[in-house]
Structures are given as C-alpha cells and as structure tokens.
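Please open the model in your viewer and keep the sequence panel beside it. The tour below suggests what to select at each stop and says what is found there.

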Amino acid sequence: MNIAAIIVTYNRSDKLYNSVDSLFKKTIEPKYVVIVDNNSTDNTQDVIKCLENKYPQVKSIKTKRNIGGAGGFCVGLKYAYELGSSHFWIMDDDSYATDNSLSKLIKGYNELSELHKVGFLCSRVNWIDNNICEMNQPEPVWNWMRCFSADMQAIQVQSCSFVSCFFSREVLEEHGLPLDEFFIWFDDAEFTKRIARHYPCFCILDSIVIHDTPVNKGVYFALVNDNNLWKFSYGAKNESWYKFKKESPLHWLIYIIEKNYQMHQGSVSIKNRFKINIKFIEGVFSRRRIKSVKDFDLSNYL
C-alpha cells in the first residue's frame, strides 16, 4: 500500500509536532505525511520546516485563508491523490498514533477485504488518560457485532470522526470529497455516512489513537455559550442540512426538538438559543455540492 496520512492544522504548532512525530518509528510508516496549514498565524510554518527536515516523507501545503477542517481535508486529499497514494489516513493535528495504529488498520483492511469491499476503517479513539475519548465515538450499525471475533477485533459502523479514518483511492474516486462548505463540524459524519450507504465500514478496536483534547467531554448543545457559539452554529447548520436533505423532514424535526431540549436542560441563554435556531433554518435552505477529487482545483485555495 502507498499510504498518505493527512493532517490539517491551524495554530496548534505544539500538538502538530507531536502528532506528526508519532507516525514514525512504528511497525509501519505512511509513505507520505501531508500537512495542510490552514493559514496559521503562529509558528506553525517553522514547525513544519523542522518536520520536513527530520522526515523526508513529510509534504506540506499552505492555504491562502482558513478554510476549516472540511476544506483543509479536501485540499490534503487532492494533494495526496496527485502524489499517487493508494490509501488515505485522515487525522487531526491533536491526535497521536500508537505503535500499532496503522499496522492494525492495514491488517483489518486486508482481512475484511477478503470478505467484501470495504468503505472506510476507523481506529478506537482514547483520551490522554487512555480511557475512551467521549467526543469521537463511531456510530455502530444495529448488527455491529457480526464480524467481531477473537481474531477480528472489528465492529461495523456507519460513521466516524476524522481523528482516524482510513479509506482507499477507489472509494474516494467513487464518492467524492468531504463537503468543504461545512467548514467545521459534521463534515466527517456526512462523508463517512455517504460511504457507508454503499459499503460496510468498520472500527478496528485494537488500532488505537490518542486524542489530546483539553477535556474528555462529548459535544452537547447543552454546552452552548458565547465563546463556543460560532462552532455550534456550524454544527447546527450542517447537521440540519443533512437531516432535512438526506434523511427526511421528520428526522429534521426530531433533531430540532432534541437539540432545543438539550439547550433547555443546559440553561443556554435565550439569545444563543435563538441564534442556533436561526442556523437550523439556514441549513434547510443552504446548498451543498459534493466535489470530485479529479475535478477539485487546488489553485482556488492556495
């Protein structure tokens, strides 16, 4: 396999170094590590130069503006695609590989591919204390244990986060890039759900990555406040679009009720509840277009 690990970063140079460094001196190393710098304003470029000098596998690309995680992964995937990579491993800039993260993904991919075509694989995501990371749990299918055994540490899932997501060139060609208009939030869920509608996808439980978030908490609309409103606004608009356009108006309505109940339970201010509900409505009327990796024009972003 010709594997490219793809990491999007913005103003997290300290964690970026550790993230990239964790990919090397392992049982299996990626052929390329593509770093997409989302026009950082800290010393990220200095760190990237240091990493490029240390590891010849590291390739970097800097966008002319911050295009969010969603846009950054589109840029990174296109760049890695043009390098001729056969498989892609998407990772966050604050996630750290363990000794067998990639080798276990490859082992699982090879064994599962003997049974059927595989859509994507993801790793088990732990927090820095090695307990499960609450934020990044994949969504299982109803019969998620069908493939699990002592020899095959895999459960079937229908979506995952981009903290560790592995898939082939063929799958990318068939199903297109993540939705760059999402900027941040639900871009990973939409992309992986899109793939899982066509092929079985799995979480490889003995492939472990560490997600170095400030706290080990899930993401709930009960937590909306003035500081994080911008991020929840993207989540509200993006998932609202998905629920209404890709599921049904009934799923959308249930989603709106659930999120408003969460905000009520969390005593979110009336002002912020109003702003989130505006984003729910905007999602219904927004347009999203899946872009082909072959037609994606990097020059629009660099």
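Begin with the whole chain in view: this is a predicted model, and its radius of gyration is 19 Å, which agrees with the value near 19 Å that a compact globule of 302 residues would have. If you align the view along the principal axes, the C-alpha atoms fill a box of roughly 50 × 45 × 40 Å. Switch to a cartoon display and follow the chain through its secondary structure, which comes to nine helices and 10 strands.

Now turn on the surface, which has an accessible area of about 13,700 Å², with 52% of that area belonging to carbon and sulfur atoms. Beneath the surface, buried residues make up 54% of the 302 residues. If you count contacts between residues with a separation of 6 or more, 80% of them are accounted for by residues that are 24 or more positions apart.

**Stop 1: the charged side chains**

Colour the side chains by charge, and you will find 37 positive and 35 negative ones, with the centres of the two sets lying 5 Å apart. A search of the whole structure finds 17 salt bridges, and a few of them are worth selecting in turn.

Select Lys54 and Asp21, which form a salt bridge whose closest N and O atoms are 3.1 Å apart. Lys54 belongs to helix α2 (residues 44–54) and Asp21 to helix α1 (residues 13–21), so that the pair links distant parts of the chain, 33 residues apart. Lys54 counts as partly exposed, at 39% relative accessibility, and Asp21 also counts as partly exposed, at 25%.

Next, select Lys117 and Glu170, where the closest N and O atoms of the salt bridge are 2.7 Å apart. Because Lys117 lies in the loop between α4 (101–113) and β6 (120–126) while Glu170 sits in helix α5, this pair ties together parts that are 53 residues apart in sequence. Lys117 is partly exposed with a relative accessibility of 29%, and Glu170 is partly exposed with 43%.

Stay on helix α5 and select Glu173 and Arg169, whose side chains meet in a salt bridge at 3.7 Å, N to O. How far apart are Glu173 and Arg169 along helix α5? They are four residues apart, and so they are separated by about one helical turn. Glu173 has a relative accessible area of 33% and is partly exposed, while Arg169 is partly exposed with a relative accessible area of 22%.

To finish this stop, select Arg12, Asp93 and Asp94 together, since these residues are linked in a network of salt bridges.

**Stop 2: a loop with positive phi angles**

Move along the chain to the loop between α5 (169–175) and α6 (187–196), and select Trp185, which is found there. The phi angle of Trp185 is near 80°, a positive value in a residue other than glycine. Is Trp185 buried or exposed? Trp185 counts as buried, because its relative accessibility is 17% and the cut-off for buried is under 20%.

Then add Phe186, which lies in the loop between α5 and α6 and has a phi near 70°, a positive value in a residue other than glycine. Phe186 is buried, with a relative accessible area of 10%.

**Stop 3: two residues in helices**

Return to helix α2 and select Leu51, which has its place there and counts as buried at 0% relative accessibility. Which residues does Leu51 touch, not counting those up to four places away in sequence? They are Leu16, Tyr17, Val20, Ile35 and Val58, so show their side chains as well and look at the contacts around Leu51. For a sense of scale, draw a distance from Leu51 to Ala222: the two are 171 residues apart in sequence, and their C-alpha atoms are 39 Å apart in space.

Last, select Ile256 in helix α8 (residues 249–265), a residue that is buried with a relative accessible area of 11%. Leaving aside its neighbours within four places in sequence, Ile256 is in contact with Asn277 and Phe280. A distance drawn between the C-alpha atoms of Ile256 and Ser240, which are 16 residues apart along the chain, comes to 7.9 Å.

Definitions and conventions:
Residues numbered from 1 in each chain as written. Heavy atoms only, no water. Helix = DSSP H or I, 4+ residues; strand = E, 2+ residues; numbered from the N terminus. Buried < 20%, exposed > 50% of the residue type's maximum accessible area, 1.4 Å probe, protein only. Rg over C-alpha atoms; globule rule 2.2 N^0.38 Å. Contact = heavy atoms within 4.5 Å. Areas by Shrake-Rupley, 256 points an atom, 1.4 Å probe, with all protein chains shown as cover. Lys, Arg positive; Asp, Glu negative; His and termini not counted. Charge placed at Lys NZ, Arg CZ, Asp CG, Glu CD. Salt bridge = Lys/Arg side-chain N within 4 Å of Asp/Glu carboxyl O.
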